Amino acid sequence: MTSAGATCPNCGAPVTFAWAGAVQTSCPFCKSLLVRSDVDLRKVGTVGDFPATSSPLQVGTTGAFEHRRFTVVGRVVYAYDRGSWNEWCLHMSDGTGAWLSDARGDYGFSTPVAGHDVPAQSQLKVGANFAWDGRIYKLTAVIAARIRAVEGDLPFTTWNRTDAVLAELDANDGHFATLDFRELPPVLMLGTWTEFDALQLDNLREVDGWRRPA
């Protein structure tokens, strides 16, 4: 299915997928949550209201990480017992996908990696060490989170799996890892903490009380 021929099955508005890896999006007009197959779109729900956020990012924001350009194409808001955070889905200039974690001004860029041995959820113990790509990561937390809201293009469906168990690991050198146990085997994400200015962000939204750092 091409983006040019896609229409919302609920309201008939044109729907465009920003990248080929997306399987879910939301209609910008009626807020229907849409999943695509090879030949059509189907409505699976309605986008919920977003909680208030101080983040200046939005779908359509552009930027760069380590000389690779990206466009924000989607967003997932996760909530847990200590608050919530944004995960921005990125379409990279080389056609791959990545994620930008955004929580209270902390930014982490990560990508999924395959072909690595990962522990089962039953093996998780805070303080345990795991080695990937020549780096030691220490398990710092296991979070039971839920999806509070979504928008834009995503590489997975959310309407049928709103709960997530996420393991957070840190290498103590500016690198981190995340294990997502919604899949079997779990999805391993390896990432790097970064600064707002280093991302070269453009097309940001206006936020009351926020100014781009000088």
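These are my notebook entries on strand pairing, the largest pocket, the cysteines and one loop residue in a predicted model.

**Entry 1. Strands S10, S11 and S12**

I began with strand S10, residues 135-152, and strand S11, residues 163-170. The two run antiparallel and are joined by eight bridges. To fix the register I looked up Val 142 and found that its bridge partner in S11 is Ala 167.

I then followed S11 to its pairing with strand S12, residues 175-180. This pairing is also antiparallel, with five bridges. Here I took Leu 166 as the reference, and its bridge partner in S12 is Asp 180. Four residues lie between the strands of the S11 and S12 hairpin, and I noted that Asn 172 in this hairpin takes a positive phi near 60 degrees.

**Entry 2. The largest pocket**

I next looked up the largest pocket, for which I recorded a volume of about 910 Å³. It is lined by 36 residues, and those closest to its centre are Trp 85, Glu 87, Ser 101, Glu 168 and Thr 178. The elements that each give two or more residues to this lining are strands S5 (68-80), S6 (83-92), S7 (97-103), S8 (106-113), S10, S11, S12 and S13 (187-194). The strands of my previous entry, S10, S11 and S12, are thus among them. S7 gives the most to the lining, with five residues.

I also sorted the lining by class, and entered 19 nonpolar, six polar and eleven charged residues.

**Entry 3. Cysteines**

How many disulfides does the model hold? I counted zero. I checked Cys 11 in particular: its closest cysteine sulfur is that of Cys 30, at 3.7 Å, which is too far for a bond, because the cut-off for a disulfide is 2.5 Å.

I looked up accessibility as well. Cys 11 has a relative accessible area of 40% and is therefore partly exposed. Cys 89, at 1% relative accessibility, counts as buried.

**Entry 4. Thr 158**

Finally I turned to Thr 158, which lies in the loop between S10 and S11. Is this residue buried or exposed? I found Thr 158 to be buried, with a relative accessible area of 4%; the cut-off for buried is under 20%.

I then asked which residues Thr 158 is in contact with, leaving aside its neighbours within four places in sequence. They are Gln 24, Leu 33, Ile 147 and Val 150. I also recorded the separation of Thr 158 and Val 35: they are 123 residues apart in sequence, and their C-alpha atoms are 9.6 Å apart in space.

Conventions. Residues numbered from 1 in each chain as written. Predicted model: local features only at pLDDT ≥ 70, side-chain atom pairs only at ≥ 80, totals over all residues. Heavy atoms only, no water. Pairing = 2+ DSSP bridges. 1 Å grid on protein atoms, 1.4 Å probe; cavity = no way out; pocket = protein on both sides within 12 Å on 5 of 7 lines; lining within 4 Å. Points joined across faces, edges and corners; volume = space filled by probe spheres on them. Nonpolar A, V, L, I, M, F, W, Y, C, P; charged D, E, K, R; others polar. Buried < 20%, exposed > 50% of the residue type's maximum accessible area, 1.4 Å probe, protein only. Contact = heavy atoms within 4.5 Å.
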